[in-house]
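Open the model in your viewer and keep the selection panel handy. We will go from stop to stop, with something to pick at each one.

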Amino acid sequence: MSKPLSKTQPKTATEDASAVEERLPEPIPATDKPAESDDAGKFVDRAGAIWAKVQGAKDKAREVWLCDALVVMGLVRSHNSEEWCLWIRFKDPDGVQHEEHVSYEELTLEPRKAIARLARSGLKFNPRREAQELFCEYLRTVKTKKRWRSAFRVGWCERSYVFADDSITRKDDPVVYVGPDRADFRTKCAGTLAEWTTQVAQRCRGNSRLIILTCAAFASVLLKWLDEENAGFHLVGRTSDGKTTALIVAGSAWGGGHPMGFVRSWRTTENGCELFAIQHCDGLLVLDELAQIDPKHAATVVYTLLNGQAKNRMASDLRRMGADSWRVIVISSGEITLGEHMDSGGARIRGGQSVRMLDIPADAGKGMGVFEELHGTPTPADFAREISAAARRCYGTPIRQFLKLLLPDLDAKVGWCREWIEWFMSQLPAGLGSETARAARRFALLAAAGELATSFGITGWDEHEANDAARRCFDDWLSNRGTTGSSDDAAAVAQVMAFIEAHGASRFQSEDDRDSVSPRIIHNRAGFVRTNFKTRELEYLFLAETFRNEVCKGFDSQLALRALKERGLLRIQESGRLTVKRSVENMAKNQGYYAVVLDIE
Ligand SMILES: Nc1ncnc2c1ncn2[C@@H]1O[C@H](COP(=O)(O)OP(=O)(O)OP(=O)(O)O)[C@@H](O)[C@H]1O
Ligand SMILES: [Mg+2]
C-alpha cells in the first residue's frame, strides 16, 4: 500500500507538549508545610495538622486542633463560573490518599454533611462542636490561587481530556473531574509506557485482531474531533480462541487494576449500559461474553450504547450533569454474533444494528485462534497467557501519552487522520453499498488512529502496520457478511424466498388446476401461482394483505418489494406500480397482486 500524503504527517516529537500538563497524583508532604490560612492568621498548619487560634478565658490565646493535614488543591468552578467548591486532598489513617470536593453551598447550608463525608473518607478531625465550626470556617476562608474548571463527567471538556483521577488539560484553563463514583473508574496506570510498548504492543505485531482492537482504544478519543459515529467491534469465535485475551490486551491501553483488567461484562441492563457509556464517554468500553446479556435486551442495549443518547427516563439527573449523551467505541467478544444471539430471543437483527456492531471472526485463519504470530512462544495458549499477564502488569499510560501528544496542534493532527481515512476508503473496491461503506469507514478510523499512535512512538509498530491490520479485518468482516449490499435487503429477499419454499405447494392456489375435476382445497390461502411454459416462469401472485403482514413480518414490506424489484424478482406494471392487475377466478376482477417471478429450472 502506498502512503497517504505525508506532507501533513504529524510530528512525533513532543516539542509543543509543554502547552498541556498532565495532573497526576502528587504525594502529600509528610512534614509541616507553610501556613495556609486566612488573612488574619487565625489558622495555622503545623506538624501535619490544622490548628485554630482562639481567644480563651481572660483573653488568653489558645489553640484548637481541627484536623490532620490536608492539601488545598485549588478552587473549582463550572464553565459558567458557578458551583464553586474547594478541592482538597488528604490521607486516611492507612496512608491512602483521598480527594474531595467540598462546595461552598454545602459548607453554608449543610456543614455537618460535608464533615461527615470527609470523615467517611478517613480524615481525622476534632469532633467537638467548636472545632467543627472552626473547621468549616477554615474551609470557607482558606486562601488558594489555583483555579480549576469542573467537569461532571469524564472525556472531552473543550480541549481538555478529563479522567476520573487526573486530566490532560490546558495550563491556562485546567479542568478536573468532580462527578460521582470516582472509585468505579478503571482508568488507572501501572508500569511505564516503555514497558507497555515492549511487553504488550510489540507482542501485538503480526496479529491483526490484537492490533485493530488496540487501535480502537486510541480511536475512541478521536470520535469527537473527526465527527465520526460511535462504533462497535465484536470478536466472534469458538471458545478458547483467545477472545477475552484480545480484549484485555486492547483494554490495557486505557487502564486496568481489576482481575479482568479494563474488561467489563455484557451482563447488564439498559440502565447499567447507560452508566457504562457515561463512565467510558469519549473512550473505550470493553464488554466480554455477549451471551451473558438477555437476548431480548441485547438489541436495545447495543442500540442505546452506540446511538449515544440516554433515554428520557434517565435523563433528568444525568442531563443535570451534562451526561445524557456520549461518544464511545465498544469492543466485545462472544461465541455467537449479535444477530444469532438476538435470534435466540426471537428478535431479528436489522441492517442498522449489524453495521453498528461489526462482527469480526476471531479466528484469524492460521489455526491459532485469534493469533497469527506467537513471537517465539511454543503454543497459542502460552502466548495468550504471556501477553495477558503483560497487559495486566502495564496499563493506562498509552492513552495518556496519546492524548498528551494529540492536544498540541490538535487540528493539524485531526486533519491528518481525516486524510488517512479518505485514503483508506479510496483503496477499497468501487461500488460498495452504503452500509458496507459505513462499516469500512469505521475500519478506516481504526487505521488512522493506529497510525497516529505509531507516529507518536507509542506502539513501536512499523508505519502502515495498523492500516494493514484494519484492511485485513475489514476484508474478513466483508467475506463473513457475504454481501456488499444492504443486509436488510438481502434478509428481506431471503425471507420471501423462504416463504415460497415452505408454502409454495400448500398455500398458493394453482391456476393450472383451474379446470381439474377435483381442484385442491387451499387452506389459509396466501395467493395464486401460475406457470408460464413459454417463458419458463412461475408467477407467485401474493395477496397484498398476506404479503405485508405475514410474508414480510418484521420488515417494512416496501423495503422487501424494492429489494425484490432490484433483483429482477418482482413483476411490476409499466407505470412503475409494484402491484400487477390480474383476473383470477372467484376473485375481484383486475385485482392487484404482488407478483414474484421465478425461473423454472
Ligand atoms: N488461540 C488460542 N489457542 C489455544 N488456546 C488458547 C488460545 N487463546 C487462548 N487460549 C487459552 O484458552 C484459555 C482461555 O483464553 P481466553 O479467555 O482468551 O479465550 P476465549 O476465546 O475468550 O474463551 P471463551 O469463549 O471460553 O471465553 C486460556 O487459558 C488461554 O491460555
Ligand atoms: Mg472469553
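Start by selecting strand S7, residues 97-103. S7 makes the largest contribution to the lining of the largest pocket, giving 7 residues. Keep in mind on this tour that you are looking at a predicted model. The space in this pocket comes to about 920 Å³, and 30 residues line it. To find the middle, show Glu100, His101, Val178, Gly179 and Arg182 as sticks, since these are the lining residues closest to the pocket's centre.

Now add helix H1, residues 104-109, to the selection. Together with S7, helix H1 makes up the set of elements that supply two or more residues to this lining. If you colour the lining by residue class, you will get 12 nonpolar, 8 polar and 10 charged residues.

**Next stop: ligand 1**

Select ligand 1 and the shell of residues around it, 17 in number. Which of them come nearest? They are Thr239, Lys243, Thr244, Thr245 and Met368.

Three distances are worth drawing here. Begin at Thr239, where a polar side-chain atom sits 2.5 Å from an oxygen atom of ligand 1. Then move to Glu289, which places a polar side-chain atom 3.5 Å from an oxygen atom of the ligand. For the third, pick Ala381: here a polar backbone atom is 3.2 Å from an oxygen atom of ligand 1.

How much of ligand 1 does the protein bury? On its own the ligand exposes 620 Å², and the protein buries 72% of that area. Highlight helix H7 (243-251) and helix H13 (380-393) next, the elements that each give two or more residues to the shell. H13 gives the most, with 4 residues. Coloured by class, the shell shows 5 nonpolar, 6 polar and 6 charged residues.

**Inside: the cavities**

Switch on a cavity display, if your viewer has one. The structure has 4 cavities of 30 Å³ or more, and the largest of them has a volume of about 100 Å³. Its lining has 15 residues, and those closest to the centre are Val154, Thr187, Trp254, Gln279 and His280.

Select strand S10 (160-162) and strand S15 (283-288) as well, because each supplies at least two residues of the lining of this largest cavity. What is the make-up of that lining by class? It has 10 nonpolar, 4 polar and 1 charged residues.

**Two hairpins that share a strand**

Select residues 43-46, strand S2, along with residues 49-55, strand S3. These two strands pair in the antiparallel sense, with 4 bridges between them. Click on Asp45 and look across to Ile50 in S3, which stands opposite. Then click on Arg46, whose bridge partner in S3 is Ala49. The hairpin of S2 and S3 has 2 residues between the strands, and Ala47 takes a positive phi near 50° there.

Stay on S3 and add strand S4, residues 61-68. This pair is antiparallel as well, over 7 bridges. Lys53 makes a good landmark, as Glu63 of S4 stands opposite. S3 and S4 also form a hairpin, here with 5 residues between the strands. Zoom in on Lys58 in that turn to see a positive phi of about 50°.

**Last stop: strand S23 and its partners**

Select strand S23, residues 591-599, and then bring in the neighbours one at a time.

- Strand S20 (residues 537-542) runs antiparallel to S23, and 6 bridges join the two. Leu541 is the residue to click, with Ala595 of S23 opposite.
- Strand S21 (residues 570-571) is joined to S23 by 2 bridges and is also antiparallel. Ala595 turns up again here as the bridge partner of Arg571.
- Strand S22 (residues 580-582) has 3 bridges to S23, again antiparallel. Here Arg582 has Gln591 as its bridge partner in S23.

To finish, leave S23 on display with Ala595 highlighted, and show Leu541 and Arg571 beside it.

Terms used. Residues numbered from 1 in each chain as written. Chains lettered and ligands numbered in written order. Predicted model: local features only at pLDDT ≥ 70, side-chain atom pairs only at ≥ 80, totals over all residues. Heavy atoms only, no water. Near = heavy atom within 4 Å. Polar contact = N/O pair within 3.5 Å; in protein donor to acceptor, adjacent residues only side chain to side chain. Areas by Shrake-Rupley, 256 points an atom, 1.4 Å probe, with all protein chains shown as cover. Nonpolar A, V, L, I, M, F, W, Y, C, P; charged D, E, K, R; others polar. Pairing = 2+ DSSP bridges. 1 Å grid on protein atoms, 1.4 Å probe; cavity = no way out; pocket = protein on both sides within 12 Å on 5 of 7 lines; lining within 4 Å. Points joined across faces, edges and corners; volume = space filled by probe spheres on them.
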